[in-house]
Each structure stands twice: as C-alpha cells, then as structure tokens.
Amino acid sequence: MGIDLVGMEDVWILPAIPFAVFILVSFFGRLIPRNGDFIAVLGMALVVLLVGLVLVDFQGAFHDEVFAPIAGANTYSFDWIDIGDGFFVIEFSTYVDAVTMVMLPVVSFVSLMVLVYSIGYMKGEARYGWYFAALSFFVAAMLLLVISGNLLQLYLAWEGVGLASYLLIGFYWERQSAAEAAKKAFITTRIGDVGLLIGIILLWRVTGTFDIQEIIHAAEEGVFGQTYLTVAMLFLFAGAAGKSAQFPFHVWLPDAMEGPTPVSALIHAATMVVAGVYLVARMLPVYDEVLIARDVVLYVGLITALMAATMGLVATDIKRVLAFSTVSQLGFMFAALGVGALTAAMFHLFTHAFFKSLLFLGSGSVIHATEQQEVGELGGLRKKMPITALTFTIGSLALAGIPVFAGFWSKDEILHDLQHYGPFAAYVILAVTAALTAIYTTRLVLLTFFGKPKNEQAYEHAHESPPIMTGPLVILAVLALVVGFITYQGVGESLGFVGGIGELVYLPHHGPHVFKLDIAFAAVATATAVVGVAIGIMYWWGDARRAIAAQSWAPELHQLLVRRYYLDELYQGVINHVVLGAAAVVAWFDKRVVNETGVDGSTQFVGFLGYRFKFLQTGRIPHYVLGMALGVAALAVVAIGTT
Amino acid sequence: MIPIENFLILSSLLFAMGLYGVLARRSAILILMSIELMLAAVSINFIAFATYLDGEAFSGLVFALFVITVAAAEVGLALGIVLRLFRERRTAYVDAADSLKW
Amino acid sequence: MIDRLPLPAQFDRLIIVGGVAVGLVMTPILFVLLALLIGDQITAAELVFWLAFTVIVAGASGTVLLNNIVHAALSLIATLLGVAAVYLLLATEFIALVQILVYGGGVVILLIFGLMMTNAQDDPVVTDGSQKPFAAIVGVLLAGVFLAAVIDAEWGSETMTVVPFRDFGARLFRDFIVPVIIVGVLLDIALSGAIVNARASRIEDVDADETTSEASS
Amino acid sequence: MTENDSFAVLAVFLIPLGVSLLLMLIPSRERSLIIALTAVASLAMFAVSVYVFLSYDFGGEQFQGVKAWNYMSDVGLLGDEGIQLKVGVDGIAAAMVLLTGIVILPGTWVSWKIQDRLKDFFILLYILTAGVFGTFVMLDMFVWFLFYELALLPMYLLIGVWGSTRKEYGAMKLMMMLLAGSILIFTAIFAIYTEAGLGTFDLVDLYEVGFDEDFQKLYFPLIAIGCGILAAMFPFHSWSPDGHAAAPTAVSMLHAGVLMKLGAFGIIRLGFQMMPEGGEFWAPALVVLGITAALYGAISALRQDDLKLMTGFSSVSHMGYVILGLGTMNVIGWTGAVLQMFAHGIMTALFFLLIGAVYDQAHNRDIPNFSGMAKQMPIWTIFFVIASLASLGLPGLSGFIAEVHIFIGAFRSYPIVGGLAVLTAAITATYLLRMFAQAFFGEFNERWSGLKEITYAERAGATVLVAAILLLGLWPSPWVDRISTTIAATIPGVTL
C-alpha cells in the first residue's frame, strides 16, 4: 500500500515539497519558532523517504520489465505552452530511468545531511531562516532538474539552481568578496548557459520537440546533419562545462567558497556542479553519434582534471583545496563520459557526492571550531577534534583512491574504461592526476590534523563540534567507506537491484556489464594512489621543510600554480579591456554620435537655421511691404503666363 | 467715345506709381500719400468697369464710394499712428519703427 | 511749434515753382491736343481725358519723386483733381464730387497737418529709402503686367451706362443701407482711434518711454 | 465575449477620462478626496482590464466586443462611414489592456507621495492613461491616432513639471522625437485612407482591402519608423534613457511600461495587419534593427552609472527583442514579441517604481554612490532583485517566457541572430549583477543610514507587479493562448 502510494509517475512531488518549504519558510519564517529550520529538515526527510519509495517502485518496474532501464518513459506530463495545436509545445514532464535513480538518492540524502549539519553550523547566524529557505529552494530546483523529461524544463531548473547558488554564495553579502564571487559564479555559468540554450533550441529546430528521449531517437535515426549535431552538442556541452566548472569556465568554483561551508558541501561539491555531468550523461546517446563532440568532452575533462589537481597542490585555503579537488574530480567524470563510459561516470558521481560532501562538512567543522581556513594557521587538530579528524581522513582516503574506500572503486572504473576505450595518453594523464590527488589530499590532512599547531590561539580555541554536526559526518563517513561496493553484483542484488551499478546504469548499445575486479589493473591504480600518499607524507610530515624547499626550487612554477595559471587575470583583463572597452566605445558612440550629433545635432541645425533666418525679420515696414509686393508681382506674372 | 482700355491703362500706371511710392519712400506721410494714389487707381478701375461692363452700373460705384470713405478713415487713423510714432521716436520715418525685428 | 514754421516763404517758392512746372509741361501738350481737336482727330471728351491723364501722371510722379514733402503733397492734390476729372468723364458726377470734397477738402488737409506736426525742421532730409531700385523694379514689373493684361484682354461692350444721380442715391440707401451704416460706425471708431493715438501722452510717460528706448538701444 | 462586453471595452478608457474630468472639479486642497478618488479609479481600471482580458474568447472571432458609433458620417469629404468611435479588442490588445490596467495600479499608488500639485498630476496622468487604453481598443484609424497623440502629449507637462534632473531637456527631446514619429504615422494614415478609397477609417474594413504591393513597401517603413520611435527602435532610441531619467516615478512606469508598447502595437496594428506584404518585405530590416538595439542597449547599459539611465538602456535592449520578434515573421517569434511587450512592461514598471522610491529619499541614483543597500532596505532589495532576475530572463519569471519564444522564433528564421539574442541575455545578466554587487551588497555605506524602507503603498504596488511577473512566468498559457491564436489567424504573412 505504502509502496504503491508514491510511484515513478509521482516524482513531481519531490521538488514540490522543498519548494513548498521554501515558500513557507521564506515568507513566514519569522513567525515560526526557530525560523522554520525544522520544517526544512522534516521536509527533506520526507523527500528522502519518498525517494526510497520511488526507488522501490523503480525496482519493481525493473523486475517486471515494464520498461527497459535506459529507455525509460515520461512518467508524467502536461502542456505548459502550446502554439499551433502541438506545433510548438513546452511541456512539464518527468522522466525516470536509472540515471535519475542514481541522482535522486544522492541529491536528497546529501541535502538532508547538510540541512541537519547546518542546524549546528549556522546557529546564531543572521538570516538563519533565509538560509534554510534558500537551501530548500535549491533542492527543489535540483530535484526538478534531475527528473526533467524535456530540455526546456531542465533549463528552467538549471537556471533555478544557478539562482540558488548565486543567493547562497552571496549569503554573506556584507563581504564585498562574497558579492563579487556570487556575481562571478552567476555570470560565468550564465555564459555557459547561453550555449546550453542555443544548443537546446538548435536541437528543437530540427526535431520540433524538447523531449529528451525523442531527441535521442531522432539523433539515432540520423535526422540531424553530422556537422549540425556536432555544433549543437558542443553548445550544449558549453552549458554543462559552465555549470560543472570545467575548463575554461572553472574559475568561478574556487571563489564560490565564499558561501557558507555546508552550502559548498551541497551545491559546490555534491549536487549542483554535477548537473553538467548529469546533462552530458543524459544526452550521451546523442554524443555517441557525434564523436568529435564527445572527444571534446574527453579533452576538456582531462585538461580540467590535471589543471585543477596541480592548482590543488599549492592552495592553502582548506576549502579551496577541496574546491580544486572537486573541479578535478568532475574532470574525471567528464573524461569518462568522453569515452562513453556512462557507468563509470555515474558511479564516480555517486561516490564522489558522499566523500566530497563529507570532506566539506569536515572542513566546515574545522572552520566552525577554529574560525580559520588557512592550513597555515591549523595543524594538530586531531587531538582536539577526534571525530572530525577521523571522518575527514576517511573522506580523504576515499578521495585519494585507496582501496576499499568508495573513491577507489569508481576511480578504478574510470581509469579502466579510459584504458580500454580512450587514447593511451588520456589514461596516463588521469593516472598522473590520480597520483596528484593523493598528494594534495595527504597534504591537506597532514597540515590540518597532524603536526604541531601553527596558530596556538586558534588551537586553544578549538573544540569538537556538537553532535548535530558530527552525526552527519559519521553517517557520511560510513557511506564513504561502503558505497563503493554497490559495484558488485551480489551487493546490488542483496539491495533488491538486478545487480551492480554496471548492470543498472548503461547505454543501450553498450549493454550491461558485470563488474569483475581486475587485480593487476587495480594493483597499478592502488600503487599510484599509495605512491601519491607516500609523496605527500614525505613532503609534509612534521615541519614540511621539504615542501618549502620544493616551493623555492621553482618559484615561477609555484607562482603559476598559486595564481591559477593566470586565467583569472586573463579573464579579468578581457572583461576590463575588451568587454568594458567595447561598452565604453558603444556608450561613447551613443552619447556623441547618436545623441549629440544625430538628435541634438538636428535640433541645433534647425536652431542655427532659425538664427540665420531671423535676420530676415528686420522689423522695418518697407522691407515687409517690398516682400509683399514682390510676391504679388510674382503671382501676377505667373497668372499672366499661364493664361 | 473713349475706349475702356484708356482708363485701365491710366489706372495701371497710377497704381504702379503709387506702389513705387509706398516702397521707395521713408516718410510715413509720403507713404500715406502713395497709398492714396493706389486707392484712386483702384477706384478708377471700379468705376470704369461699372460704367462700361455692368448693365446696372451700380456695384462698382458703391464700391468706389466706400473706398473713398474708408480711405478717409484710414488716413485719419494712420496719421494718428504716425504722430504717435513721431512722439516716441522723434521722427516720422518708418524705418525707425523696427522694434519688431528678430 | 507752429510759429517756427516758415510758411510764407514756402508758399512763395511753391507758387513760383509749381506754376512754372505746370506751365512747362502742360503748354506743349495742350497745344498738341488742341491741334488734334481742331483737325477732328479727337473728340472733346478725349481731349479732356488726355489732359487729365497728363495731370494725373505728372502729379503722381511729383508725389512719389519730389524730395520736398510739401511739393509732393501739392502734387497729390493735382493728381486727385485729375482723378475727379476722370470720374466726370465716366459720367459719375457724384463720385467726382465726393472725391473733390473728401480728398481735396479733407484728406489732403489732414496730410498737410500731419506734415506740419512731424517734419517741423527745415533741414534737408532724405525722403527716399534705400530700397528705391527694388521699388522701381517692382513698379515697372507690375505696370508691365497690368498693361499687358489690359491690352491683351477682350473688353467687349463699348457702351456706357449712365446712372442718374437720383437713382444712385435711392439704391444706395435702399440696397446698401447696412454697409453704409457700418461704414459710418467705422468712421466713428477710426476717428476715436485717431484721437486716442494722436493725443499727447503725459510727460512722465514720454520720459519713461524715452529712457526705456535708450536703454534698449 | 458577448455583445455587452463592448461596454467593458469602452469603460477602460472612459473611466480614466471621466476621472480626470471629475478631478478638475475637486479643489486641489482636498488631498484625501483626490487620493480616495484615484484609489477607486485605479482599482476600477484594473478590474475592468482584467475582465476584458479574461472574457476575451480565444477560440472566437478576431475582434470581440466590437461596437461602433458614427459621429462624422455625414461629412461628404470623409465618405459614408467616415470617422467612427469603434472599439473592440483582439488577443494582443486584450493583453495590452491588461498590462495597462496592472501598471496603472501601482502607478497611482506611488504618486500619492507627490506634494506639489497632486491634482494636476493626476489629471494629466489619467488623460495619458485614457490615451493609452484608447489606442489599444480603438478600431478606427483616425480615432486611434487621436488617442495615440492623447497618450503622448501630457507626457511633456508631466516630465517638465514634476520631473527631476535634466527635465526640460528630457521632456523636450522626448516630445520632439515622438512628434516627429507622429508626423510619419499621420502621413501614412492619410495615404492609406486615400489609397483604400473606401471613405472610411474603419480598420477592420481597411484590413480587407489588400493594398498594392508597391504602396505597401513604400508606406510600411513610415509606420514602422513612426511607431518605432516610440518603441525606442535603434537608432531612434535616444529619447528613451534621458526621458525616463527625467520623468517622475509614475510617469516612468507608465511610459516605459506601457507607452513604449504602444509603438510596437502600432507597428502591428497599422503596419503588419494593414500591409502584410510590405511587412514581409521589410521584416529583415526589423530583425537587424531589433538585434542591434538589443545588443547595443545591453552593452551601453554596462557603462551607465545612473540607475535610471541603466534601466532606460535596458528598456532599449528589451524593446529590441520585441522588434526582433516581429521581424521573425513566425508565430512563435511574434508571440514572444507580444509577451515581451507585456513582460517588459511589468518588469520595467517595477524597476522604475523602486528606483523612484529610493530617489525620492536619497536624491541620488548613481550606482557607485550606493553600497550594501540590502542592509538598510532589505525589502526594497528583494523586489529589485526579482525585477532584475525577470529582466535577465530567469526561467520561472515573465522575462524568460517571452525571451525564449523570441529566441526560438529567431532561430527558426535567422539562427545567427538567434545566437546573438541569447548572448544578449548574458550581457543583461552581467550589467545587472555588476549593479547588485556594487549597490546592494558589500559593506554598507553609512551615508545612507537615514534612508527609510519603502512605503506600504510602494510595497503593495511592487507586490502587484511581482505577482504579475510570477503569474506570467509560471502559468503563461492564458497569455500565450490569446496572443498566439490571434496572431496565427490575423497576420497574413506570419506563419508557424
């Protein structure tokens, strides 16, 4: 009974709940005790519950073979706009398939964890209620995005999460840096969104529909021209790259750390930034039709992964290291998608969500305790904050790709697929990146929790966070430890699925594949991770003297990384000189040419003529009479001449 | 019997001379006189047409009569204005009255 | 003002100059016309017309050309009398009579009064404006146009209609009574206006006006 | 709509006209009476316009609520029917009537703040409103033009007397340019009348004529430019930023919100409906002008410091979308254009309301002078953010609905132009967010600690507008249905 109550056709309820919470809390938050935070948490818990029910229904449908896991179906739709009797239709439609079913638990569960955690973290902040309202709004938009059956609705939700991100990055808007970061994030993603919208419209132009599945069918049937489809999919990817902070749009994500830390955990690590990955995964059958576009995805992923990892090596802000890490890991996912490895990408997305949100929440716990974000001011905190230190370390090991931890399985899968389907260089680059990941992760853990405290005052001040914060940390740590195992067929079956994630999430023409641990390959991957950890320990254990030596070994290189390859400066320069320069030229043109020459000029011309002609008005009667007489004479001459 | 053209030629010449006077003279009094010439020319035309071309020979005469009458009134009024001008500007020259300029 | 006017001397000169001028112009024309009349070339009426023509043109010329304003005014009288003669030739004695009475007796006298009240000084004056050449051009042009039109046109009827004096008066006061009354009112208003305009302003006003005009100039 | 609804159509312009006459009889010291009267009037206009909009049956005839009164029919010169007072609405007009009804509501409320000659202000404002309403509902070309002018002329006094900053310059420039446009329209109107030779100014009859193609090509630009000046079409937009900057709040709201739409409406009514072939011939030019204006206005706005100037250029940019949408010659683009007219009207009215609210206190609206205003005036900021989000085309708000139609319409006909149009939306986001970061966020500038939160009247007005923004953004089909069926049925050159 309860199981039938909410099925796949009712997924529209999922975003509706947090949206209702948003309305309630943002308008009436002041009237509710505790500004309505518990409403947000309870609402989210309800969503998690419903997601569970939907999941059960999905499994049932899967077993009954009501629909194939990938083909899916629009489970619910109504026309929102209809022009010309179905010629141009914008509909509201929900679509559920295995990819959705990966996303839904991630989004809802991490959101619940973050909301619970926030009760402790945000305690006593101004705009406490607004925080929960905005977060609920974000979740609503994100859930809507995930269940969208058509691209325009997806775009709507896409912009919705962008808005939520903007509002939450700029939560501390009194700080100019926060305001600037919010602006930067919004504008950068917005530029990507231009591409997304263009891509959507280009797809519509040929197929006449926004429905994702119909577009995929059309692409598979070869309705599109190859070049046309390539261009369209590249535009679409621009949107995905913008939202997922891929090169060259990655600049906004490190700055987005100006927002409250739980926000970074939820939006800028676990959920929103993977929307790009989700979009490309959703459209992957189409990308498979145009390999050039898919290769672009691969290369962008590779570049981003490597670049962000190197930048992560030198970052000193605990949250920024994690931000670079996020960018880098998103690069991993895109690289996997770039070789058509849907399973690997979604699997990594899944595990990454848990351990990266764990890491962010852990860093939030540290910041909450010490009010310090720079690793140079931290150190030795494991004694003061044992739970945080332990969970953070688990998350780090997962990120580094140490076996058993979640990250190992998914990263291994990606590397495996790259080795098989991609160019060899791509595999090498990602392997190196994996090693670098291990290095900076180790560095972060060592500098934060080990060694001697560098700022005694902050250290003295530090204390373990309250249970409402450590509780989510522990839950997430457990998950970061175990979720990787769902790749195994047996684990999947025991949970009620047909098998491991590879048998659930796959492209139709690739077919399901049963995970088998390739011991040799896994050993190589593990060795890479262990070497990375070892290098990290070697350089940063104790007083980090070697690390400083390495820094001074090539100061230019170090500076290059610290300044993030000067890309921010480049963009700022382009904005200052090219965009604002163009704006200045146009403004000048408008002021001088259009207004002062064209408009004022014509009035001045008339005025000038008037000034000249007024001298005809001598005021002397004889002159007027002469004029009159001349006129009469002229008229008389004309009259005579014509008769 | 005198052909009508003779009268018309006479009035044309008279009118043109009057016009010349109006345009060429500076003194307001002389301009008034020139206007009288023009009016006389017009009256001649009226009467000539009435006598020669109109069977009743009436409207033209009445018109001429009114012209004369109105001319008298006009001269009276105009002289008043001229005197006024003279008082204001110490001259009766019309080009002194140019406060309408620009 | 009046006593500064050198009236007697002017009259002397006027009589001499006027008489000589009229004599010089009129005598040859008179002789020619008489010769034509005697030779049956023209009728008496035509003789009178041509005489009147000569007087009118000469007088009008004098009016518009003479530098001396008084001479011009006297030329105007001659012209208007010539016009009266033309009216007589057109068999409209009444209009001729009115012409002489109103113009000769009224208007010209008024003009001469105006002259005396304005051009008090005996100084040599330039009575013609700077646009004299243009005036000549326009005058000649217009005269040319009129003459061309008059000569070019077909005038048809060569008979004269003579309206008896009595009929004229009867119709004037029967059919045109309203215009006549209106003209009467107009005259009245014009006279009042003339009086108001011409009446001397109070001294202060004059002074004020002068200072403002100086300031503005 | 039933037969009797034509009285509702009549009422939309008779109410403001009657109220302005009534106001003339009230002594100007009776402030509260004036306020009460205008409150009632604004609500009445709102109610009637909502009724007109809702009762328009989009499955039925093109023009509904039609009713004609002849009053110059016997004049031989003008023909048998001559000039009539003929009213009626189609889907486009119904939407525009609703827009006016919505905007006049807050427009009236915020004007109660005016201390100086309140009565005269309202008399002129309501004459202007009557003109606007009348233009939307008139179906007689001559009377149409009469009301068109009636909507323009009070503007001069309203700006010149109650305006701010360079008000004489702004008022004069606005008036001169708009009247220049009127001359073109006037010429075209009489050319049409003569060419048709029907002896009537009845638009419905004239639509049936089918003018000669050369005639259409010659006279369509006259209408397009003449009305385009009022729609701030590039390069005739110059009056718009200065005029808006100088105008008092309510006038800016009505002007940018409604009057500019009158221009685009005129292009549809007299241009495309009358001369479809000419419109088709010149449509590419409209596309070029439209996209130029959109980009140009957006880029210019990047450099503006004055809030009102920025909004003015933003209006130029958004009206560029309208022109672009009309130029696409397909139903989607056209629907988008009309929706954009509505959406921009609401949103820009909200902008000017809010700018006016702060300018009244601060006597300053230079963006760099403000900082951290969200601390002092949070409600104001929230409203402003909503308006800006609508302006930059955030989905779920009115701007997106309109823009996405225009983008898609543009892509159908001219893909490159469509791409540029989408890019413009990003530029819009850039200048608005720059303004946010500078004026609303960051450290609070203590200089403005004396500023008070916006008044309750302003809050109420802003709420009405925000409600409209959300309604159109989330439930667009009432608008889309009415507008798209009208367009598909009545504009000959416009295809799906």
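**Interfaces of chain B with chains C and A**

Q: How many residue pairs are in polar contact across the interface of chain B and chain C, counting pairs with both residues at pLDDT 80 or more?
A: Because this is a predicted model, side-chain atom pairs count only at pLDDT 80 or more. With both residues held to that limit, the number of pairs in polar contact between chain B and chain C is five.

Q: Which helix of chain B gives the most to the side that touches chain C?
A: Helix 1 (4-24), helix 2 (28-53) and helix 3 (59-89) of chain B each supply at least two residues of the side facing chain C. The greatest contribution, 22 residues, comes from helix 3.

Q: How many residues of the side of chain B that touches chain C are nonpolar?
A: On this side 71 residues of chain B are in contact with 83 residues of chain C, and the count of salt bridges between the two chains is zero. Of the residues on the chain B side, 10 are charged and 11 are polar, while the number of nonpolar ones is 50.

Q: What area is buried between chain A and chain B?
A: Here 10 residues of chain A are in contact with 10 residues of chain B, and the rule finds zero salt bridges across the interface. Carbon and sulfur atoms give 72% of the buried area, which comes to about 950 Å².

Q: Which residues of chain A lose the most area to chain B?
A: The side of chain A that touches chain B divides into five nonpolar, three polar and two charged residues. Together accounting for 38% of what that side buries, the residues that lose the most are A:Gly619, A:Arg620 and A:Pro622.

Conventions: Residues numbered from 1 in each chain as written. Chains lettered and ligands numbered in written order. Predicted model: local features only at pLDDT ≥ 70, side-chain atom pairs only at ≥ 80, totals over all residues. Heavy atoms only, no water. Contact = heavy atoms within 4.5 Å. Salt bridge = Lys/Arg side-chain N within 4 Å of Asp/Glu carboxyl O. Polar contact = N/O pair within 3.5 Å; in protein donor to acceptor, adjacent residues only side chain to side chain. Helix = DSSP H or I, 4+ residues; strand = E, 2+ residues; numbered from the N terminus. Nonpolar A, V, L, I, M, F, W, Y, C, P; charged D, E, K, R; others polar. Buried area = accessible area lost by both parts, 1.4 Å probe.
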